[in-house]
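This report goes through a structure with more than one chain, from the contacts between its parts down to single residues. Please keep the sequence and the 3D view at hand while reading.

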Amino acid sequence: MIKKKRSFISSVLKLSLVLLLNQIGMAKKVKAKNKPKVVVLGAGFGGASCISYLSNFTDLIDLVVVDKNKWIKTCPFSNLVIGNLIDESKITFKPKFNKNIKFVISEFKFIDAERKKILFDDESSLDFDFLIMSPGIGYKSKQIQGYSVNDNENIPHCWDGENKIANFKKGLDSLENNCRIIISSPDYPYRCPPAPYERASMIANYLKGKSVKFKILIFDSKNSFTKKSIFLKEWKEMYGNSIEWVSKQNGGQISRFEKKKVFNSDGEKIKGDFIHIIPEQKAGKIIFDSKLCNNDWCTINPQTFQLFNFKDIYAVGDSVDAGDMPKSAFSAESQAKILSLNLINRILQKSYLNPVFLNTCYSFSSNDRAFSITSWYKLNTTKDRIVSLGSSQSSDDGLNDERIRESKEAFGWYESITKTLYG
Amino acid sequence: MKIFFILMLLFCFKYSISDEIKPIVIEENCKSCHGKDYSGNTFIKSIKDLDKEIFIKKMKDYKKNNNNSVMSRIVKVLSVNDIKEIAEIIYD
């Protein structure tokens with residue numbers, strides 16, 4: 001018994017000594033390294049929101065933002081460019097970050113999680129203490145036989161910030177009376193659930209403005225979609241029978257693509273003058289190239305947004321599995337605030353705050369008509385999943401005034417958020 | 001039995017978004033539309049220059065209102081206590 005007691009006391013003393021030495025070591029390390037370096041990868045809505053929030057703490061952290069582009073082209077409101085409601089310059093921003101934030105413009109190719117280093121195409125590298133990844137979405141390949149996102153012959157999908165809207169509109173411009181447009185809408189989850197239907201509306205708005213007679217067929221890999229009842233009503237009211245939606249169970253899933261025609265899963269051939277495939281999606285390419293994710297989307301701790309298995313790497317926005325939250329710019333911004341708040345809490349060794357998130361998605365059906373869906377989100381009781389507190393949307397039979405008011409509110413949100421993020 | 005019902009009622013009224021959630025976490029979401037300094041813009045109302053009591057009244061009105069506006073839908077989930085605590089953060 002005495003031997004056991006002595007051995008226990010000796011173990012405690014050894015452990016205390018190790019802890020003390022560790023603390024001295026850590027203190028020296030912190031002193032030597034000064035402030036921890038936080039690198040934000042991607043300056044889209046998720047990344048830029050982290051930068052905006054963390055820029056209040058630059059006395060505590062060194063903040064670096066990395067993006068491959070000097071100019072940010074936003075996905076929100078890009079459908080409005082297609083619909084000719086706004087010019088492309090209105091969704092293009094040159095970020096004005098605070099002077100004490102380093103902005104690195106370079107193409108990144110690999111994240112070395114073990115050595116905490118980002119490697120760039122030009123062979124240079126950047127160290128980090130904490131990394132926040134917000135790379136947006138990537139695309140699944142071979143979902144539709146014969147279709148490739150990289151084939152420049154195809155109509156560009158325009159589902160990210162790439163500079164191809166002009167090509168898309170050029171394709172629309174070439175359409176003549178009685179043309180047929182085919183849109184293939186992907187299965188969940190994908191970026192901005194109502195966007196394929198808003199895009200159909202904006203294409204219709206554009207062609208109607210040019211007095212071109214058209215038919216839009218939306219072939220869907222789903223049996224329903226968000227705000228469906230409002231979209232169907234708006235389409236009827238604004239465009240008569242010119243927009244038709246085909247559900248998955250009625251042959252909506254496209255399985256093969258050829259020039260000017262597609263085939264659905266029943267083998268039926270459908271010809272089109274303008275074939276717009278919205279590809280199936282997954283997390284951003286850099287995440288897979290760096291072997292940081294085993295599934296289509298990053299698994300994160302929803303309280304901190306720390307990547308599963310990588311304690312100093314965080315992910316936010318469209319690349320993460322955020323439970324019930326849709327992949328939207330509004331969601332990404334709401335998540336980014338919690339991530340940033342709790343990262344600062346971690347650095348200050350304070351306890352984490354319990355999160356709450358908000359999302360509001362506006363969709364336009366024509367020039368001055370919009371409607372929305374809104375929801376708050378919390379963590380579930382086991383704190384491992386984000387759950388909706390119940391979503392609510394605009395009225396199906398909304399009056400003109402309501403639709404017009406919501407279109408103005410949508411512009412208001414976009415103006416506020418882009419001013420906050422990009423100056 | 002009466003006590004059970006009273007406790008149930010109290011539980012129902014107590015439930016709000018802010019159970020275990022700090023008001024600052026809710027309030028951060030207001031900035032998405034109203035701007036970092038709440039000044040709004042051409043299409044979104046400023047809440048910066050409102051009096052605290054007027055803000056609380058307007059929020060309570062949104063909560064009561066059944067016009068299904070975006071604000072009304074957002075505020076519905078908040079308790080009166082949430083509203084007061086958010087006002088404290090914005091105006092103090």
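## Domains, chain contact and local features

Within chain A, 13 residues of domain 1 are in contact with 16 residues of domain 2, where contact means that C-beta atoms, placed from the backbone, lie within 7 Å. On the domain 1 side of chain A, the residues that touch domain 2 divide into five nonpolar, five polar and three charged. Here Ala, Val, Leu, Ile, Met, Phe, Trp, Tyr, Cys and Pro count as nonpolar, Asp, Glu, Lys and Arg as charged, and the others, Gly among them, as polar. Domain 1 of chain A covers 36–136 + 284–353, and domain 2 covers 165–280; the bounds come from an automatic or database domain assignment. The centres of the two domains of chain A, taken over C-alpha atoms, are 32 Å apart.

The model is predicted: local features need pLDDT of at least 70, side-chain atom pairs count only at pLDDT 80 or more, and totals for chains, interfaces and linings use all residues. Residues are numbered from 1 along each chain as its sequence is written, while chains are lettered from A and ligands numbered from 1 in the order in which they are written.

Chain A contains nine helices and 24 strands. These are DSSP runs numbered from the N terminus, with helices (H or I) of at least four residues and strands (E) of at least two. The C-alpha trace of chain A spans about 95 × 45 × 45 Å along its principal axes. Of its 423 residues, 45% count as buried. A residue is buried if 20 or more other C-beta atoms lie within 10 Å of its own, exposed if 12 or fewer, and partly exposed in between, with C-beta atoms placed from the backbone.

**Chain A against chain B.** The contact between the chains involves 28 residues of chain A and 22 residues of chain B. On the chain A side, two or more residues each come from helix H8 (329–347), strand S21 (356–366), strand S22 (369–379) and helix H9 (400–422). H9(A) gives the largest share, eleven residues. By type, the chain A side divides into ten nonpolar, eleven polar and seven charged residues.

H9(A) has 23 residues that should span 33 Å at 1.5 Å a residue, and its end C-alpha atoms are 33 Å apart, which agrees. The expected span is 1.5 Å times one less than the number of residues. A:Gly423 follows H9(A) and has a positive phi, near 80°.

**Helix packing.** H8(A) also packs against helix H2 (residues 45–54) of chain A, at an angle of about 35° and with the axes 8 Å apart. Axes are lines fitted to C-alpha atoms, for helices over the stretch in contact, and angles run from 0 to 180 degrees between N-to-C directions. The residues of this contact divide into eight nonpolar, four polar and two charged. In chain B, helix H4 (residues 52–64) and helix H6 (residues 80–91) cross at roughly 145°, and their axes come within 10 Å. Among the residues that make the chain B contact are B:Phe55 and B:Ile56 of H4(B) and B:Ile83 and B:Ile90 of H6(B). The contact of H4(B) with H6(B) has eight nonpolar, no polar and three charged residues.

**Helix H5 of chain A.** H5(A), residues 195–209, has 15 residues and reaches 20 Å from its first C-alpha to its last, close to the 21 Å expected. Because 13 of these 15 residues are buried, H5(A) is largely enclosed by the rest of the structure. In the loop between strand S11 (179–185) and H5 of chain A lies A:Pro189. A cis peptide bond, with omega about -10°, joins A:Tyr188 to A:Pro189.

**Loop residues.** A:Lys142 has a positive phi of about 60° although it is not a glycine, and A:Phe305, also not a glycine, has a positive phi near 70°. The table gives the surroundings of three loop residues.

| Residue | Loop of chain A | Other C-beta atoms within 10 Å |
|---|---|---|
| A:Lys142 | between S10 (137–139) and H4 (165–173) | 9, exposed |
| A:Phe305 | between H7 (285–289) and S19 (306–307) | 28, buried |
| A:Lys383 | between S22 and S23 (386–388) | 14, partly exposed |

Technical notes:
Two residues are in contact if their C-beta atoms, placed from the backbone, lie within 7 Å.
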